[in-house]
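Work through the exercises below with the structure open. Each task is followed by a solution in steps.

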Amino acid sequence: MSFELIHTSVSRDLDGQSGFGIAAMSRDLPRPVRDALVAWSDGSELDATTDRAISYAICQAGGAAWPVLTCVTRCGVDWSGRANRVAHHLVLEPSDRCIEGPIALARAFEFARQVPEVALRSPPSLPHPIEGGHAAPGVDPGWIEHLAERMSSPDAPAVAVRLPHGLDPLALIAAVTARVEPKRRWAVQWSTAPVFHAGRALPSIVIAREHDAHALDLAQTAPSPRAVESSKRSESKGAPQGIRSAEPVGEATKTTTGIHDDSVRARRASHAEGAKRTTRDPVAPTSVNPWVPIVLFAVAGVIMLVALRLLLW
């Protein structure tokens, strides 16, 4: 069973307070998740030029990881005449996670655009996921492959991209995640805004601000694979380590230890084999001139005769 929570400014929310608060919420939503989503509803995704932002992130709450689709939309003014926004969060249970990934549900679900009726709700009714969308018009396919490869990496940093004019951000995200292995699609976070409330230790892709110098400009031709690999090595050396590998530390240690042990055993076997060869292999006879012993024997005889005469004398 999935849940939803809608946060906006109302004259009286579910807690009986006025101003920004919970206007609508599914029954039985766990309290830790509720509190986390309220904290996520600050509207930080919206800037001077953004009226609507959709994102997908992993919310760590109550000792569990909760996949959350969020849509934040400007909605005119509230009951007091001040600017208002509505943040609609959709919390997805495992049984509701489709193989196409969260982008397929994000493109199909009808997020709130106006202030809803203040009330508790039944579990949300999820639409059939929108499939397809494997192309991003105006973007070099090389960029799609490059981004999909980075999002598939267990140790990928967040990536900011600048889109060609007129391209729907969701079309780009659909094209990229479609090339990610199905079992990893729900581990790739993304946002149509420059900032969002992303969970840690997971790859993320965001739509950058216009003048972000570090963003990948997808309006340009994708670099060659060699240039991309060089750029990734430079980035791994200079970029802050904000996202860590998803591989368990124990497994990494086990793998490294196994390689080390194999190397030690190989060296020991090599030494033992060398010792056996030294012990068992016969020494090759050296080639010696046969006259040498005779000459040496004659010289020794002469010396002995001289010594004997000196003694007798």
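**Exercise 1: the cavity**

How much space lies in the largest cavity? State also which residues line it and how the lining divides by residue type.

Solution. The model is predicted.
- Step 1. The space in the largest cavity is about 30 Å³.
- Step 2. A search of the whole structure for cavities of 30 Å³ or more finds one.
- Step 3. The lining consists of Trp 40, Glu 45, Ser 55, Ala 57, Thr 70, His 89, Phe 196 and His 197.
- Step 4. By type, this lining divides into three nonpolar residues, four polar and one charged.

**Exercise 2: the cores**

Find the residues that touch the most other members of the largest nonpolar core, and the elements that supply this core.

Solution.
- Step 1. The largest nonpolar core has 43 residues, and those touching the most other members are Leu 69, Leu 147, Val 161, Leu 172, Trp 190 and Leu 218.
- Step 2. Two or more residues each come from strands E3 (52-61), E4 (64-77), E7 (159-162) and E9 (204-207), and from helices H2 (102-106), H3 (141-152) and H4 (169-177).
- Step 3. With seven residues, H4 gives the most to this core.
- Step 4. A second core, separate from this one, has 20 residues, including Leu 5, Leu 29, Ala 36 and Val 68.
- Step 5. Take Trp 190 and set aside its neighbours within four places in sequence: its contacts include Ile 54, Leu 69, Ile 103, Leu 170, Phe 196 and Ile 205.
- Step 6. As background, nonpolar side chains in soluble globular proteins tend to be buried together.

**Exercise 3: the sheet**

Write down the strand order of the open sheet and identify its edge strands.

Solution.
- Step 1. The sheet has 10 strands with mixed pairing, in the order E6-E2-E1-E5-E4-E3-E8-E9-E7-E10.
- Step 2. Strand E6 (119-121) and strand E10 (216-217) each pair on one side only, which makes them the edge strands.
- Step 3. E7 and E9 pair in the parallel sense, over three bridges.
- Step 4. Val 159 stands opposite Ile 205 in E9.

**Exercise 4: Val 86**

Decide whether Val 86 is buried or exposed, and list residues that it touches.

Solution.
- Step 1. Val 86 is found in strand E5 (residues 83-91).
- Step 2. Val 86 counts as buried because its relative accessibility is 0%, and the cut-off for buried is under 20%.
- Step 3. Not counting residues up to four places away in sequence, Val 86 touches Ile 6, His 7, Thr 8, Cys 71, Val 72, Thr 73, Cys 75, Ala 112, Arg 113 and Gln 114.
- Step 4. Asp 42 is 44 residues from Val 86 along the chain, and their C-alpha atoms are separated by 9.9 Å.

Definitions and conventions: Residues are numbered from 1 along each chain as its sequence is written. This is a predicted model: local features need pLDDT of at least 70, side-chain atom pairs count only at pLDDT 80 or more; totals for chains, interfaces and linings use all residues. Side-chain values use heavy atoms; hydrogens and water are left out. A nonpolar core is a set of buried Ala, Val, Leu, Ile, Met, Phe, Trp, Tyr and Cys residues joined through side-chain atoms within 4.5 Å. Buried means under 20% relative accessible area, exposed over 50%, partly exposed in between (1.4 Å probe, protein chains only). Helices (H or I, at least four residues) and strands (E, at least two) are DSSP runs, numbered from the N terminus. Contact means heavy atoms within 4.5 Å. On a 1 Å grid over the protein atoms alone, a cavity is a set of points where a 1.4 Å probe fits but cannot get out, and a pocket is an open set with protein on both sides within 12 Å along at least five of seven lines; lining residues have an atom within 4 Å of a point. Grid points are joined across faces, edges and corners, and a volume is the space filled by probe spheres set on the points. Ala, Val, Leu, Ile, Met, Phe, Trp, Tyr, Cys and Pro count as nonpolar, Asp, Glu, Lys and Arg as charged, and the others, Gly among them, as polar. Two strands pair if DSSP finds at least two bridges between them.
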